Amino acid sequence: MTDMDTSATATTATTADWAAWQRSWDRQQEWYMPDREDRFRIMLDMVEALVGPAPRVLDLACGTGSISARLLARFPEATSTGVDLDPALLAIAEGTFAGDERISFVTADLKDPDWPTRLPYDSYDAVLTATALHWLHREPLVALYGQVAELVRDGGVFMNADHMIDDTTPRINAAERAQRHARMERARADGVPDWSEWWRLAAQDPALAEPTARRFEIYGDHADGDMPPAAWHARVLREQGFGEARPVWCSPSDTLLLALK
């Protein structure tokens, strides 16, 4: 049985155990990325180093608010705007942070050219995102990076932690993938929910059933985007208006890329 079988699924039609759903989401994500907390730690280290301990942050494609949760725990004077289109993940985020005036959420499609007009601020000290933009193909991602460059103040930062695949190293990639999948299968045998199982559980929760159904109407089972190498991201970000861009952390499969305005 998973965490959600014994906790968050015991809900009413209008409430849910949002803390349990957050724990379940973290566990599911860590199944794919056991070093997930490392990237968050380095991300916040660089936020502090470059814009200080009280930043105004845009949590881009925020999901359940994973970045914002860690941001506000580490920097109590920070503020965050979470933006996403997924109604189920936003429901968890809004339930989790209900009553916290430091954070607000915006429903917007990042492929809509007008999405920045929905934000409460014209500029941010930092724009942060993780494991989300690989849902976009390169052309809309280039456009998004241009919009992000306009939102980041001079001296501010953008960081993207995501799958960035170097196609020039196919043997290394294959070995890493095989090892990662073997580890994932071992964890799966111990009851960790994968992506499909997690969404099946969400659909059974009375508080999440309707937003989960809408979520699949929007996205389907999974989007089919691109995962270009880190060098491509750095080049495009510089072309779109950032002064510097390079990786500041990497794992065998993922990269945290930082761009400085």
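Cysteine 250 is exposed, at a relative accessible area of 54%, where exposed denotes over 50% relative accessible area, buried under 20%, and partly exposed the range in between (1.4 Å probe, protein chains only). The model is predicted: local features require pLDDT of at least 70 and side-chain atom pairs count only at pLDDT 80 or more, while totals for chains, interfaces and linings use all residues. Residues are numbered from 1 along each chain as its sequence is written, and side-chain values rest on heavy atoms, with hydrogens and water left out.

Cysteine 62, with a relative accessibility of 6%, is classed as buried. A disulfide is a covalent bond between the sulfur atoms of two cysteines. With the criterion set as a pair of cysteine sulfur atoms within 2.5 Å, a search of the whole structure returned zero disulfides.

Salt bridges were defined by a side-chain nitrogen of Lys or Arg within 4 Å of a carboxyl oxygen of Asp or Glu. The search of the whole structure yielded 15 of these. In one of them, aspartate 254 is paired with arginine 39 at an N to O distance of 2.7 Å. Because aspartate 254 belongs to strand 7 (residues 254-260) and arginine 39 to helix 3 (residues 36-51), this pair ties together parts that are 215 residues apart in sequence; helices (H or I, at least four residues) and strands (E, at least two) are DSSP runs numbered from the N terminus. Both aspartate 254 and arginine 39 are buried.

Helix 3 also contributes glutamate 48, which forms a salt bridge with arginine 74, the closest N and O atoms lying 2.9 Å apart. This pair links distant parts of the chain, since glutamate 48 is in helix 3 and arginine 74 in helix 4 (residues 66-74), 26 residues apart. Glutamate 48 is partly exposed at 37% relative accessibility, and arginine 74 is likewise partly exposed at 32%. A further salt bridge joins aspartate 100 to arginine 102, with the closest N and O atoms 2.9 Å apart; arginine 102 is partly exposed, having a relative accessible area of 27%. In addition, Asp26, Arg36, Glu37 and Arg70 are connected in a network of salt bridges.

Arg70 is among the buried residues of helix 4, together with Ser66, Ile67, Ser68, Leu71 and Leu72. The buried residues of this helix pack against helix 2 (18-32), helix 3, strand 1 (56-60), strand 2 (79-84), strand 3 (103-107) and strand 4 (124-130), contact being taken as heavy atoms within 4.5 Å.

Helix 2 also packs with helix 8 (residues 195-204), at an angle of about 165° and with the axes 10 Å apart. Axes are lines fitted to C-alpha atoms, for helices over the stretch in contact, and angles run from 0 to 180 degrees between N-to-C directions. Helix 2 is therefore roughly antiparallel to helix 8, given that angles under 35 degrees count as roughly parallel, over 145 as roughly antiparallel, 65 to 115 as roughly perpendicular and the rest as oblique. The contact involves Trp21, Ser24, Trp25, Gln28, Gln29 and Tyr32 of helix 2 and Trp195, Trp198, Leu201 and Ala202 of helix 8.

Helix 8 packs with helix 9 (residues 209-219) as well, at an angle of about 135° and with the axes 8 Å apart. This geometry makes helix 8 oblique to helix 9. Trp195, Trp199, Ala202 and Ala203 of helix 8 meet Ala209, Thr212, Arg215 and Phe216 of helix 9 in this contact.

In helix 10 (residues 230-239), the buried residues include Ala230, Trp232, His233, Ala234, Val236 and Leu237. Their cover includes helix 6, strand 5 (152-163), strand 6 (244-250) and strand 7. Glycine 241, which follows helix 10, has a positive phi near 125°. Helix 6 (residues 138-151) contains alanine 143, a partly exposed residue with a relative accessible area of 44%. The C-alpha atoms of alanine 143 and proline 113 are separated by 8.4 Å, with their positions 30 residues apart along the chain.

Positive phi values also occur in residues other than glycine. Alanine 61 has a phi of about 55° and is situated in the loop between strand 1 and helix 4. Threonine 131 has a phi near 50° and is placed in the loop between strand 4 and helix 6. With a relative accessible area of 19%, threonine 131 is buried.
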